[in-house]
Amino acid sequence: MQNQLADNSIPDSNSNMEKSRNKCLIACPIFRKELESVLGELNQVPQINYMHYTIHNNPLRMEEELLENIAKVSATGKEVRFLVGKECNCKRDISEVVKDCGGKIPQAKNCIDMLIGEELAGELQKNRTSLMTPAWIRMINQSIADGQWSVTDARLNLGWYNKILILDTGVDSLSDEQIMEFYDLTQVEIEILAVDLSHFKTLLQELLQ
């Protein structure tokens with residue numbers, strides 16, 4: 001099963017580059033590989049401030065990282081753009097943080113919706129299916145290595161699912177060994193779905209306008 005989305009757009013390289021120079025993306029690190037791949041294709045050159053992976057499921061850390069990065073961007077005079085889900089866990093509603101600094105955020109509730117779109121994400125999540133990217137799996141492994149999570153935490157949080165569906169964009173693929181190791185960790189069936197970056201590319205083009 002594959003999601004094939006045609007992308008016939010031809011970006012105006014000079015226009016895109018000039019528009020993006022005065023912008024800064026405060027970005028969730030889960031997108032790093034995909035973001036840098038797409039920006040290269042679009043010839044976009046915004047400043048990028050990546051947040052720390054521990055913002056996930058840590059509302060206080062999320063707010064602190066957002067405010068710290070907003071302060072840094074404001075000092076440069078660049079326009080603030082957010083590459084985070086509008087419903088990600090934050091001590092204060094993320095929409096309020098965005099409004100307070102005059103920034104702009106995609107109208108998507110989380111990173112998966114930003115990557116493939118809400119409609120496709122909703123369809124794929126049926127029957128207790130968890131959608132992840134390779135970066136999510138690497139982040140979970142890093143959390144365990146850093147002592148942020150334990151093996152028990154991982155199994156309790158993911159064991160509810162019938163299946164884990166890994167969305168593979170081709171820019172950050174896992175090896176067969178890494179997939180098997182993650183199965184050993186979670187004891188949940190794993191499948192791979194190839195997806196393209198056309199939805200994410202369109203979202204970024206709109207965000208950087």
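This is a short presentation on the strands, salt bridges and a few individual residues of one protein structure.

Good morning, colleagues. Please keep in mind throughout that the model is predicted.

I shall begin with the strands. Strand S1 covers residues 23-27, and five bridges join this strand to S3, with the two running parallel. Within that pairing, lysine 23 has glutamate 79 of S3 as its bridge partner. Strand S3 itself spans residues 79-83 and is mostly covered, as four of its five residues are buried. The start of this pairing also involves charged side chains: Lys23, Glu79 and Arg81 are linked in a network of salt bridges. Lysine 23 and glutamate 79 are thus named twice, as bridge partners between strands and as members of the salt-bridge network.

Let us turn to strands S4, S5 and S6. Strand S4, residues 129-132, pairs with S5 in the parallel sense over four bridges. One position to look at is threonine 129, which stands opposite lysine 163 in S5. On its other pairing, S5 is joined to S6 by six bridges, and these two strands also run parallel. Here aspartate 168 has alanine 194 in S6 as its bridge partner. How many of the six residues of S5 are buried? Five of them are, so S5 is largely enclosed by the rest of the structure.

Strand S4 contains leucine 131. Is leucine 131 buried or exposed? Its relative accessible area is 9%, and because buried means under 20%, leucine 131 is buried. For a sense of distance, leucine 131 and cysteine 28 are separated by 103 residues in sequence and by 17 Å in space, C-alpha to C-alpha.

I now come to the salt bridges. In general, side chains of opposite charge can pair when their charged atoms come close. In this model the count comes to 11 salt bridges. I shall discuss three individual pairs.

In one pair, the side chains of lysine 201 and glutamate 41 meet, at 2.6 Å from N to O. Lysine 201 belongs to helix H10, residues 198-207, and glutamate 41 to helix H2, residues 32-42, so this salt bridge ties together parts that are 160 residues apart in sequence. The two partners can also be described by their accessibility. Lysine 201 counts as buried, at 11% relative accessibility, while glutamate 41 is partly exposed, at 46%.

Another pair is formed by lysine 163 and glutamate 191, whose closest N and O atoms are 3.5 Å apart. This salt bridge links distant parts of the chain: lysine 163 is in strand S5, residues 163-168, and glutamate 191 is in strand S6, residues 189-194, with their positions 28 residues apart in sequence. Lysine 163 is partly exposed, with a relative accessible area of 21%. Glutamate 191 is likewise partly exposed, at 32%. Lysine 163 is the residue that threonine 129 stands opposite.

The remaining pair on my list joins glutamate 123 and lysine 126, with 3.0 Å between the closest N and O atoms. Glutamate 123 has a relative accessible area of 45% and is partly exposed. Lysine 126 also counts as partly exposed, at 46% relative accessibility.

Charge appears on the surface in another form as well. Which residues gather there in a patch of negative charge? They are Glu87, Asp93, Glu96, Glu118 and Glu119. Glutamate 119 lies in helix H6, which covers residues 118-124. With a relative accessible area of 74%, glutamate 119 is exposed.

Finally, I would draw attention to the backbone at two positions. As background, most residues other than glycine have a negative phi. Asparagine 57, although not a glycine, has a positive phi of about 60°. Where is asparagine 57 placed? It is in the loop between strand S2, residues 47-50, and helix H3, residues 59-76. Asparagine 57 counts as exposed, at 61% relative accessibility. Glutamine 187 is the other position, with a positive phi near 60° in a residue other than glycine. Glutamine 187 lies in the loop between helix H9, residues 176-186, and S6.

To close, I would return to strand S5. This strand is paired with S4 over four bridges and with S6 over six, and its residue lysine 163 forms a salt bridge with glutamate 191. Thank you for your attention.

Conventions
Residues numbered from 1 in each chain as written. Predicted model: local features only at pLDDT ≥ 70, side-chain atom pairs only at ≥ 80, totals over all residues. Heavy atoms only, no water. Patch = residues over 30% accessible without salt bridge, like charges linked within 9 Å, V, L, I, M, F, W, Y side chains within 5 Å. Areas by Shrake-Rupley, 256 points an atom, 1.4 Å probe, with all protein chains shown as cover. Salt bridge = Lys/Arg side-chain N within 4 Å of Asp/Glu carboxyl O. Lys, Arg positive; Asp, Glu negative; His and termini not counted. Charge placed at Lys NZ, Arg CZ, Asp CG, Glu CD. Buried < 20%, exposed > 50% of the residue type's maximum accessible area, 1.4 Å probe, protein only. Pairing = 2+ DSSP bridges.
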